[in-house]
Amino acid sequence: MKGTLKQILLLTDGCSNKGENPAQTAELAYEQGITVNVIGILDDEHTEDAEGLQEVEDIARAGGGVSQLVYKQTLVQTVQTVTKQAMTQTLQGFVNKELQQILGEKQTLEDLDPEKRGEIMEVVEDMGETCDLEVLVLVDTSASMYDKLLTVKEALIDLSISLNSRIGRNRFCIFSFPGKRKDIDRVFDWSPKLDSVSTVFPKLSSGGITPTGPAIREAMYQFGKKSLLRSFRDEDESNVEETGY
Amino acid sequence: MKMNQTWKRQDIDIRPGMRIKGKWHDKHYIVKRKLGEGAVGTVYLCESNGRPVALKISDQGASMTVEVNVLQSLKKVQGNLLGPSLLDVDDWVSASGAKYAFYVMEYLQGESITSFIKRHGDEWIGVLMLQLLDGLEQLHHSGWIFGDLKIDNLLVITNPPSIRWVDVGGTTRKGRAIKEYTEFYDRGYWGMGTRRAEPSYDLFSFVMVFLHVYYPRRFDKGTDPEKTLVQKINAVRVLTPYREPLKRAIRGKYQSSVEMKQDITDILRKQQRQIRTRTSRKAKKASHAPFLIESGGIVMMATLYYLFSLLL
Ligand SMILES: Nc1ncnc2c1ncn2[C@@H]1O[C@H](COP(=O)(O)OP(=O)(O)OP(=O)(O)O)[C@@H](O)[C@H]1O
């Protein structure tokens, strides 16, 4: 599977309150081959089972991704662990499916002896290191997020350091929701690095509603093949075929 | 699919006296006590055929397999690396039917660098540095970068004192992205470079290890991280002789551990020469001689011991 992993990374601190059910939309995205990961940012007075944050887990489960609740202080390290964990999880799922084709139903990695398991994990690791990755970051900018945006920015720059240390190529883009007129607003267009996000973050404004479901739906469309093909071409002509389009 | 692995890890109910029997290889281990716990699993001191061993067990099979792969390929490397050797890899099914992956390694009995230095004196710093650089050199030479180098992952075993490392969770093939790291020790966090696995990545963490010994509560980045690091290096008296190589390593100026080791060896040699001339001069005057001879003696012994260990 020399291809591109596609992920939506949703950063939020609360529950959706407008539009369709976000977990259902996440499931839709997953069916399109896009994994949805969710990081719920807790306020200092919150506990890990704060009400309303159950949604965080539900969305990720439906979206085939990873979820985690964190306090602002540990956001930076969490963003990159969640992203990497989700990559491994997706690749492992893929390998498990292949295994079942070879070995028959209900055979998973765990059923193999440690030696074979080792060989297979080696392959999973190779894929994780070399595959191309597209991450669409979806930032909740409702009013309560205001004091967290600076940390979000730091975490995203850090994520780009981590992922760009891999052999495979990366593209990132950032959308915020709720948008001014639409469900989401583009903050930062597809680009291989995030170090220049510093300039866009101060401009984010905060609104009152949290239309998480519609936001995920819109985000899903941003992975459209055409625009992607174009941006890959802009960057490097020769790489287009390799990515499988 | 399993989610939230890191914040909702299920506790494994393992108590002293219990017997863990492997599903594939049929070996069994008697649990003695818990040694420690990490992000991936828990490590227990166990007994196997009357011999102490360290057993790491976890419900995260995939991550365990990745660690085992590292240990296995290090096993093939020639020479004695600083990590524990791998003895067994297997699965365990608990009484309640839950499945766990485990691996067994050599038990390393030792203490942290910090407590070793406290008990034996600052004179040992140079020697520990050289030993660690030696180990890193071997590791790098075999195509691996340690990655998560930190005080918690280093042990000094006594008789004779030598530094060893545990936990290969961060150990990464050269040229790839570092698998696991700890912010304080990570050059990416300090804005001093990428997370690409290369010798200079470990050498940065190397410096942070020795800073952490003298700043047990760590310190913040500040507005200018590089300046903060330089100030912190300059402020530790014991590290004065090593300032230059430490700063070079922080800035990623060393391409290999060999280069850094050379600089530190030179410093230690020079230090010894100074001590020798100073003590002989002072000895004639006969003032404070006993004290000087004593502290000079320890450094000399430590260094001699180190040079000796190279010959073994
Ligand atoms: N071979 C060993 N001999 C003695 N003690 C060990 C050995 N391996 C591990 N330990 C002890 O167990 C602790 C936990 O080990 P582990 O490998 O989980 O590392 P960690 O650094 O705590 O975790 P992680 O990197 O996974 O977050 C170590 O800090 C160490 O004190």
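**Exercise 1. The ligand and its polar contacts**

A backbone N or O atom of B:Glu106 lies 2.9 Å from a nitrogen atom of the ligand. The model is predicted. Find how much of the ligand's own accessible area the protein covers, and name further polar partners of its oxygen atoms.

*Solution.*
Step 1. Start with the side chain of B:Glu180. One of its N or O atoms is 3.0 Å from an oxygen atom of the ligand.
Step 2. Go to the backbone of B:Gly38. A polar atom there is 3.5 Å from a ligand oxygen.
Step 3. Turn to the area. On its own the ligand has 600 Å² of accessible area, and the protein covers 87% of that.

**Exercise 2. The shell around the ligand**

Which residues come nearest to the ligand, and which strand gives the most to the shell?

*Solution.*
Step 1. There are 20 residues around the ligand. B:Ala39, B:Glu106, B:Leu108, B:Asn153 and B:Asp167 come nearest.
Step 2. Sort the shell by character. It holds 10 nonpolar, 4 polar and 6 charged residues.
Step 3. Look at the strands of chain B. Strand 2 (28-37), strand 4 (51-58) and strand 6 (99-106) each supply at least two shell residues.
Step 4. Pick the top contributor. Strand 2 of chain B gives the most, with 3 residues.

**Exercise 3. A pair of rings in a helix**

Is the pair B:Phe206 and B:Phe210 stacked, edge-to-face or tilted? Find also whether each residue is buried or exposed.

*Solution.*
Step 1. Know what to look for. Two aromatic rings are described by the distance of their centres and the angle of their planes.
Step 2. Place the residues. Both B:Phe206 and B:Phe210 lie in helix 4 (residues 199-214) of chain B. They are 4 residues apart, about one turn of the helix.
Step 3. Count the pairs. Over all chains there are 12 aromatic pairs.
Step 4. Apply the distance and angle. The centres of B:Phe206 and B:Phe210 are 5.0 Å apart and the planes stand at 55°, so this pair is tilted.
Step 5. Check accessibility. B:Phe206 is buried, at 0% relative accessibility. B:Phe210 is also at 0% and counts as buried.

**Exercise 4. Rings and charges**

Which residues form a cluster through ring pairs, and which charged residue lies over the face of B:Tyr189?

*Solution.*
Step 1. List the cluster. Ring pairs link B:Phe184, B:Tyr185, B:Tyr189, B:Trp190, B:Tyr215 and B:Phe219.
Step 2. Look over the face of B:Tyr189. B:Lys221 lies there, at 4.2 Å from the ring centre.
Step 3. Look at B:Tyr254 too. The charged end of B:Arg248 sits over its ring, 4.9 Å from the centre.

**Exercise 5. Unusual backbone angles**

Where in chain B do B:Asp167 and B:Arg218 lie, and what is the sign of phi in each?

*Solution.*
Step 1. Recall the usual case. Most residues other than glycine have a negative phi, and most peptide bonds are trans.
Step 2. Take B:Asp167. Its phi is positive, about 70°. It sits in the loop between strand 9 (162-165) and strand 10 (172-173) of chain B. B:Asp167 is partly exposed, at 24% relative accessibility.
Step 3. Take B:Arg218. Its phi is positive too, near 60°. Its loop runs between helix 4 and helix 5 (225-234) of chain B. B:Arg218 is partly exposed, with a relative accessible area of 34%.

**Exercise 6. Chain A**

How many helices and strands does chain A have, and where is A:Pro178?

*Solution.*
Step 1. Count the elements. Chain A has 7 helices and 6 strands.
Step 2. Check burial. Of its 245 residues, 56% count as buried.
Step 3. Find A:Pro178. It is in the loop between strand 5 (170-177) and strand 6 (185-191) of chain A. The peptide bond from A:Phe177 to A:Pro178 is cis, with omega near 0°.

Methods. Residues numbered from 1 in each chain as written. Chains lettered and ligands numbered in written order. Predicted model: local features only at pLDDT ≥ 70, side-chain atom pairs only at ≥ 80, totals over all residues. Heavy atoms only, no water. Phe/Tyr/Trp six-rings, centres within 6.5 Å; stacked < 30°, edge-to-face > 60°. Buried < 20%, exposed > 50% of the residue type's maximum accessible area, 1.4 Å probe, protein only. Lys NZ or Arg CZ within 6 Å of the ring centre and 35° of its normal. Near = heavy atom within 4 Å. Polar contact = N/O pair within 3.5 Å; in protein donor to acceptor, adjacent residues only side chain to side chain. Areas by Shrake-Rupley, 256 points an atom, 1.4 Å probe, with all protein chains shown as cover. Nonpolar A, V, L, I, M, F, W, Y, C, P; charged D, E, K, R; others polar.
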